[in-house]
Amino acid sequence: MNHQEEHIIEVENLTVGYGESVILENISFFVKKSEVFAILGGSGSGKSTIIKNLTGLNEPITGTIIIDGIDTVNVKDEKLVELRRNYGVLYQSGALFSSLTLEENIALPLLEYSDYPKDVVYSIAKVKLNMVGLSGYEKYMPYELSGGMRKRAALARAMALDPKILFLDEPSAGLDPINSAKLDDLILKLNCITGVTIVVVTHELESIFAVADRVIIVDKKTKSILDEGCPSRLKGNSKNEWVRNFLNRKYLRS
Amino acid sequence: MSAQDLTIPEIKIIEKTLFISAFPIIDMNAAVTNNAYNKILHFIKTTQIQNVVIDLAGITQQQQKVIAFLDSSVSLFMKHKIIVDVTNIAPELNSILTELGFVRTSKEVFIRHIKLKSKSIFLTVGEASLKFYEDMRSFLGFVGEICSALFYSVLHPRNIQWKEALYYMDRTGADGVPIVFLVCFLMGCILAYQGSVQMGKFGLSIFVSDLVGLAIIKELSALMVSMVCIGRAGSAFAAEIGTMQVSEEIDAMETMGLRTARFLVIPKVIALAIVMPLLTIVGDVAGILGGTLVGVLKTGVTLQQYYDRTILAVGFQNVMEGVTKSIVFAILIACVGCLRGYEAERDAKGVGKAATSSVVSGVFLIVVADGILTIIFN
């Protein structure tokens, strides 16, 4: 397997921010195919901004992002739209379309991009909802569901087109520990069954240890990546003291 | 030290220097703070203070009210161009003072950092021009996207979200009939009344029907309908899309590779473009009915005469003129509503602002478009 095939995402010298304010400077990392890759950091450290840049919602200030062999920063708009069909994104709020039922939410991308007959599309939606444990909720509107259910439904929608990469932005934010653990299990299950590459942004340590194969830790102060590697290894052996403390939930008073 | 002094920080003046100290021994509650602040104000007004020394001996990070008082009083001194030195600072206060804009001048003393001068006019104008350029770019980009989405929808009518379009037709059209009828009926009454008064002076009362018929059908019906639709539909579109921005629904659509304009804008444009001409025809009828009521009662013209004159004065072409205008207005209202929604800042206030500005820009655009169309038609 050559280098390019192994790494589904390659980010080099990426500088991201909003307007003139730079959040992260010159960061480089890669994501291997079929792994669960976590981006960890404190609040406001630019985790979600990285996802927005990876999915093409924001343009990086400088740097290159290569996803599946294609430079997504310098690609034409039409090509980017096409590329995005290979991504599934789960947003912090779930972001289900509030005027559509759950099955319509999942059916929308399928109707748009696949040639399946309508009946089959709705059956696929049903199967996807079953996969996330929401059988029987096909006709529900998003506002009729709890936060955890909405997240799971959104995950089902993100998986609708069987994407190559799934981006999860704080999947367990706002969930109680049990639902949060259930969601972690679901993420692992999806990764295991479908082999989808998962990039997850979070500051929930339990989630990281439960699901992530590899993790990078970004820092607000130095605007850089402090360390990267397997989370349980970093917990004991990170060269960076802050990372060790962060992963061990230690807070050092200055 | 007297009991009186203990109620506020000790504030005294020695040779044009104001000394403020004794913070720690008092509780800086609202009354004490107020007292101290007034005393400082009194000194500033009555004596020629040149500089101020604030002694922070014994103050710790816990005494947040003292730090807040320090911040506000130093701002007050700076406003009056008085130099302030803050002394005896506990090391733990260093970081908070720096964050509040104080700068260390010696080991012991902090002074307030002098704020930057206001921006030069060139910078302000430059920034405003850049912002205008960016706004125009995004507006043109949006118009382009809608045009391409419209073009796509014409080529692939099956892919139009007809269910959504029907929903908007029902909401903006059927629900709007009573208000449109009422507004246009009253407009007809008012026109006929004003017309009969003025024209009656010259014995031209018979022509009231011409005035009402032509004004309503060529101009006012479409204009009134569009005003009602801006209020009912334009602002609703802006708020709806703005809320979708807040809940990241639009981001979700874009990352799915969906052209959001096709899903969110086109059904609304189609719905309004179908419904507004129909509402305009309702408005035409209502306006003429209103005009007839007042015209017949006020001028003594018979119903038959009034009817005959109206038929004579108003042609099919005039009706089509009003209808065409209403289609253009419909597209403008829907597009501006959606554009403002897309531009909404991602909070509750942003959504409110988007709804308001959709109405304001909608009214402006319609008046401009009306002017242009009127010239073209004549």
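Which residues of strand S2 (residues 17-21) of chain B lie on its covered face, and which on its uncovered one? Leu18(B) and Ile20(B) make up the covered face. Thr17(B), Phe19(B) and Ser21(B) make up the uncovered one. In a regular strand the side chains alternate between the two faces of the sheet. The model is predicted.

## Strand S2 of chain B and its partners

S2(B) pairs with strand S1 (residues 10-14) of chain B. The two run antiparallel and are joined by 5 bridges. Phe19(B), from the uncovered face, has Lys12(B) opposite it. S1(B) and S2(B) form a hairpin, with 2 residues between the strands. Glu15(B) sits in that turn and has a positive phi of about 45°.

S2(B) also pairs with strand S3 (residues 51-55) of chain B. Here the strands run parallel, and 4 bridges join them. Ile20(B), from the covered face, has Ile54(B) in S3(B) as its bridge partner.

## Nonpolar cores

The largest nonpolar core holds 130 residues. Leu272(B) and Ile333(B) touch the most other members. Helix H8 (residues 208-246) of chain B gives the most to this core: 19 residues. Another core, of 20 residues, lies apart from it. Ile54(B) is one of its members, and Leu56(B), Val66(B) and Ile89(B) are also among them. In soluble globular proteins, nonpolar side chains tend to be buried together.

What does Leu272(B) contact, leaving aside its neighbours within four places in sequence? The partners are Thr172(B), Cys229(B), Ala233(B), Ala330(B), Ile333(B) and Ala334(B). Ile333(B) is thus a contact of Leu272(B) as well as a member of the largest core.

## Chain A overall

Chain A has 10 helices and 10 strands. Its radius of gyration is 18 Å, close to the 18 Å that the globule rule gives for 254 residues, so chain A is as compact as a globular protein of that length. Along the principal axes, the C-alpha atoms fill a box of roughly 60 × 45 × 40 Å.

Of the 254 residues, 40% count as buried. Among contacts in chain A with a separation of 6 or more, 63% link residues 24 or more positions apart.

## The six-stranded sheet of chain A

One open sheet of chain A has 6 strands in the order S6-S7-S8-S3-S9-S10, with mixed pairing. Its edges are strand S6 (87-90) and strand S10 (224-229), each pairing on one side only. Neighbouring strands are turned by 15° against each other on average, direction ignored.

At one edge, strand S9 (residues 214-219) of chain A runs antiparallel to S10(A), and 5 bridges join them. Asp219(A) has Ser224(A) as its bridge partner in S10(A). Helix H6 (residues 147-158) of chain A packs on the sheet and touches S6 and strand S7 (165-169) of chain A. The direction of H6(A) makes about 170° with that of S6(A).

## The four-stranded sheet of chain A

Another open sheet of chain A has 4 strands in the order S2-S1-S4-S5, with antiparallel pairing. Strand S2 (21-32) and strand S5 (70-71) of chain A form its edges. Strand S1 (residues 7-18) of chain A is joined to S2(A) by 8 bridges. Val11(A) stands opposite Phe29(A) in S2(A).

Helix H2 (residues 47-54) of chain A packs on this sheet. H2(A) touches S1, S2 and strand S4 (62-67) of chain A, and its direction makes about 120° with that of S1(A).

## Where the chains meet

The contact takes 15 residues from chain A and 10 residues from chain B. On the chain B side, the residues divide into 4 charged, 3 polar and 3 nonpolar.

Definitions and conventions: Residues are numbered from 1 along each chain as its sequence is written. Chains are lettered from A and ligands numbered from 1 in the order in which they are written. This is a predicted model: local features need pLDDT of at least 70, side-chain atom pairs count only at pLDDT 80 or more; totals for chains, interfaces and linings use all residues. Two residues are in contact if their C-beta atoms, placed from the backbone, lie within 7 Å. Ala, Val, Leu, Ile, Met, Phe, Trp, Tyr, Cys and Pro count as nonpolar, Asp, Glu, Lys and Arg as charged, and the others, Gly among them, as polar. A residue is buried if 20 or more other C-beta atoms lie within 10 Å of its own, exposed if 12 or fewer, and partly exposed in between; C-beta atoms are placed from the backbone. Two strands pair if DSSP finds at least two bridges between them. A nonpolar core is a set of buried Ala, Val, Leu, Ile, Met, Phe, Trp, Tyr and Cys residues joined through C-beta atoms within 7 Å. The radius of gyration is taken over C-alpha atoms; the globule rule is 2.2 Å times the number of residues to the power 0.38. Axes are lines fitted to C-alpha atoms, for helices over the stretch in contact, and angles run from 0 to 180 degrees between N-to-C directions.
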